[in-house]
Amino acid sequence: MKMSKRYAESIKLVDSNKEYDVKEALEIIEKMPKTKFDQTVELHVKLGVDSKHADQQVRGTVVLPNGTGKTQRVLVFAKGPKAEEAEKAGADFVGAEELIPKIQNDNWFEYDVIVATPDMMGVVGRLGKVLGPKGLMPNPKSGTVTMDVEKAIKEIKSGKVEYRLDKTNIIHLGFGKVSFGVEKLQENFDVVMGAIIKAKPAAAKGQYVRSVSISTTMGPGLYINQK
């Protein structure tokens with residue numbers, strides 16, 4: 001596949017054999033040729049754990065001090081007073097069983113996060129095959145199965161993100177936009193990395209953080225020195 005001119009210009013700024021300090025890497029990203037849209041800056045962390053073992057899972061949530069730069073659309077499964085609470089708290093969509101056919105049959109996915117009260121998980125569970133592969137299933141560990149729907153919505157809207165291992169034991173996560181600038185991106189990076197390090201499972205042996213790199217949505221990766 002032919003490399004775009006913009007990517008070729010970007011890659012000239014990166015030494016693939018070097019591990020950068022976070023600030024230095026972010027300064028290089030800031031110098032890269034701009035795209036027509038505000039790119040997300042992504043974090044990729046390879047961990048020395050085995051995600052096949054339940055006691056070596058790494059998963060959690062963290063609220064980014066400067067947000068994600070993206071407005072998260074929240075769908076809440078709730079009834080009665082909890083549905084009213086969700087609407088008042090700024091949920092984009094609120095509903096119950098009536099949403100099942102809309103999601104199953106009409107491929108309705110105009111939301112980024114789903115929150116559900118515990119009593120609604122029987123309903124939401126019927127959508128497991130549809131929501132699971134998209135990473136949209138609510139989960140108590142990520143704070144999206146809760147009776148405190150107001151708190152959940154406000155945290156998501158203010159920049160709460162979830163981190164979790166994929167099958168290759170890597171965490172991929174967007175932690176801001178290029179337009180944030182170096183200082184705000186570094187603040188977000190430090191908070192996310194702090195949370196991932198704190199989440200080290202007791203069963204993890206040897207070197208926990210194997211490698212860390214950052215990149216833009218359409219740019220080359222830069223390895224980060226974690227010493």
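The largest pocket of this predicted model has a volume of about 760 Å³. Its lining comprises 29 residues, and those nearest the centre of the pocket are Gln 72, Asp 112, Val 113, Gly 135 and Glu 162. By class, the lining divides into 11 nonpolar, 10 polar and eight charged residues. At least two lining residues come from each of strand 3 (59–63), strand 6, strand 7 and strand 8 (170–177). Strand 8 provides the largest share, with six residues.

Helix 7 (residues 149–157) has four buried positions to consider: Val 149, Ala 152, Ile 153 and Ile 156. These residues lie on the same side of helix 7, because the arc they cover around the axis is only 95°. Among the elements that cover them are strand 4 (74–77), helix 3 (80–88), strand 6 (113–116) and strand 7 (160–164). After helix 7 comes Gly 159, which has a positive phi near 120°.

Positive phi values also occur in residues other than glycine. Asn 107, with phi of about 50°, is one such residue, and Asn 169, with phi near 65°, is another. The table sets out their locations and relative accessibility.

| Residue | Phi | Loop | Relative accessible area |
|---|---|---|---|
| Asn 107 | about 50° | between helix 4 (99–106) and strand 6 | 54%, exposed |
| Asn 169 | near 65° | between strand 7 and strand 8 | 15%, buried |

Asn 107 is classed as exposed because its relative accessible area of 54% is over the 50% cut-off. Asn 169 counts as buried because its value of 15% is under 20%.

How values were computed:
Residues are numbered from 1 along each chain as its sequence is written. This is a predicted model: local features need pLDDT of at least 70, side-chain atom pairs count only at pLDDT 80 or more; totals for chains, interfaces and linings use all residues. Side-chain values use heavy atoms; hydrogens and water are left out. Buried means under 20% relative accessible area, exposed over 50%, partly exposed in between (1.4 Å probe, protein chains only). The arc is that of the directions from the helix axis to the C-beta atoms. Contact means heavy atoms within 4.5 Å. On a 1 Å grid over the protein atoms alone, a cavity is a set of points where a 1.4 Å probe fits but cannot get out, and a pocket is an open set with protein on both sides within 12 Å along at least five of seven lines; lining residues have an atom within 4 Å of a point. Grid points are joined across faces, edges and corners, and a volume is the space filled by probe spheres set on the points. Ala, Val, Leu, Ile, Met, Phe, Trp, Tyr, Cys and Pro count as nonpolar, Asp, Glu, Lys and Arg as charged, and the others, Gly among them, as polar.
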